[in-house]
Amino acid sequence: CIYAIGGTMQKIGVGIYFLILHIRKRRLNIETPQVIEEQPKIPSHIKALQSLEDLAKKRLSEQRLQKQYYTELTEILWLYLEERFRISAYEMTSSEILSQVKLNNNISHDNYLLLDNIFTISDFVKFAKHETDQVIDKNMLSNAKEFVINTKEEIESNESNK
């Protein structure tokens, strides 16, 4: 009988210990709320241009890794199209993407042609095992940068709001 009472007291003691830990933990969370700092939003064209520079630094073209090069190039453009124009490019074929781009009033015909050229060459390399040279690869990267620069969103400055 004494052992039964001792075991019960021990269980109560352990329960009280964990209750105190729980209360302390809650008190610490209440006293020191975590402040979540909002990161400034990086414009989509800045992210795309940085990604294109990073791609160039990988030197995949020089290593004859064209399929990887064009896969990364198109993924950068897909992400840019998603963020900038709300075109869900990841779920579309190149022709479907180009159809959506053509319907967008913010993209000129010349910029459409740049994108069309990039996607056409990319599809040939990725799916038809077409081989390109470094000149073509650099030209496609240049076209991608030109497309992004030409279609970047103009951010209104505080001066124009006054």
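These legends go with four close-up views of a predicted model.

**View 1. A nonpolar patch on the surface.** Look for Val14, Tyr17, Phe18 and Leu21, which together make up a nonpolar surface patch. Added up, their accessible area comes to about 400 Å². One of these residues, Tyr17, sits in helix α1, which covers residues 2–31.

**View 2. Helix α2 from end to end.** Here's a quick check you can follow yourself: α2 has 15 residues (44–58), so at 1.5 Å a residue it should span 21 Å. The C-alpha atoms at its two ends are indeed 21 Å apart, so the expected span and the model agree. Just after α2 comes Arg59, and its phi is positive, near 55 degrees.

**View 3. The buried side of α2.** Which residues of α2 are buried? They're Ser44, His45, Ala48, Leu52 and Leu55. These residues take up an arc of only 95 degrees around the axis, so they end up on the same side of α2. What do the buried residues of α2 pack against? Their partners are two other helices, α3 (66–85) and α6 (134–151).

**View 4. Lys58 and its contacts.** Lys58 belongs to helix α2. Its relative accessible area is 41%, and because partly exposed covers the range between under 20% (buried) and over 50% (exposed), Lys58 counts as partly exposed. Leaving aside residues up to four places away in sequence, Lys58 touches Gln63 and Glu72. You can also find Tyr69 here: it's 11 residues from Lys58 along the chain, and the C-alpha atoms of the two are separated by 8.9 Å.

How values were computed:
Residues are numbered from 1 along each chain as its sequence is written. This is a predicted model: local features need pLDDT of at least 70, side-chain atom pairs count only at pLDDT 80 or more; totals for chains, interfaces and linings use all residues. Side-chain values use heavy atoms; hydrogens and water are left out. Patches are made of residues with over 30% relative accessible area and no salt bridge: like charges are joined within 9 Å, nonpolar side chains (Val, Leu, Ile, Met, Phe, Trp, Tyr) within 5 Å. Accessible areas come from the Shrake-Rupley method with a 1.4 Å probe; for residues, only the protein chains shown count as cover. A salt bridge is a side-chain nitrogen of Lys or Arg within 4 Å of a carboxyl oxygen of Asp or Glu. Helices (H or I, at least four residues) and strands (E, at least two) are DSSP runs, numbered from the N terminus. The expected span of a helix is 1.5 Å times one less than its number of residues. Buried means under 20% relative accessible area, exposed over 50%, partly exposed in between (1.4 Å probe, protein chains only). The arc is that of the directions from the helix axis to the C-beta atoms. Contact means heavy atoms within 4.5 Å.
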